[in-house]
Amino acid sequence: MINFRKDLRSGRPLWADSTSTGVRHVAIPPRRFWDVVVVGAGISGALVAHRLSAMGKSVLVLDRRPPVSGSTLASTALIQWEIDEPLTALADRIGGKRAFHAYQAAFEAVAALKRTIAQARIPCGWNDR
């Protein structure tokens, strides 16, 4: 049974109890040689490793913590295409064309992440809002 009453100030993220946060891993990899070693298994390291392995590289990912226990888990888990600064304020600061391109790049990056998640069949609870 799921406990819907959570202490949101306890320091433990709500999604830490999710059944979809498991990651397959081994403590000692059987292979001895790798094309690439990625240090850090958070969202950035995982995306880098995923991209390199899709390019045919053998990749070893190392992290000092067990899977799903670092700063990525402690984040808001909210991926947005909006930049922290409103478009109008950014346009005033850097110009309309550059501001538009910044927003467009962020939007395209999130769309690419969504495609990667779908193609890799990662059960992360992605929801468009």
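A residue is called buried when its relative accessible area is under 20%, and partly exposed between that value and 50%. The exercises below apply to a predicted model.

**Exercise 1.** Determine which elements the protein chain has, and in what order they run.

*Solution.* Step one is to list the elements: the protein chain has four helices and two strands. Step two is to order them from the N terminus, which gives β-α-β-α-α-α.

**Exercise 2.** Check the span of helix 4 (residues 96-119) against the value expected at 1.5 Å a residue.

*Solution.* Helix 4 has 24 residues. The expected span is 1.5 Å times one less than the number of residues, so helix 4 should span 34 Å. The end C-alpha atoms of helix 4 are 35 Å apart, which agrees. After helix 4 comes R121, whose phi is positive, near 55 degrees.

**Exercise 3.** Identify the buried residues of helix 4 and name elements that cover them.

*Solution.* The buried residues in helix 4 are A99, Y103, V110, L113, T116 and I117. Their cover includes helix 1 (43-54) and helix 3 (87-94). For the protein chain as a whole, buried residues make up 13% of the 129 residues.

**Exercise 4.** Locate S69 and classify its accessibility.

*Solution.* First, S69 is placed in the loop between strand 2 (59-62) and helix 2 (71-74). Next, its relative accessibility is 35%, so S69 counts as partly exposed. Finally, S69 and G42 are 27 residues apart along the chain, and their C-alpha atoms are separated by 9.0 Å.

Definitions and conventions: Residues numbered from 1 in each chain as written. Predicted model: local features only at pLDDT ≥ 70, side-chain atom pairs only at ≥ 80, totals over all residues. Heavy atoms only, no water. Buried < 20%, exposed > 50% of the residue type's maximum accessible area, 1.4 Å probe, protein only. Contact = heavy atoms within 4.5 Å.
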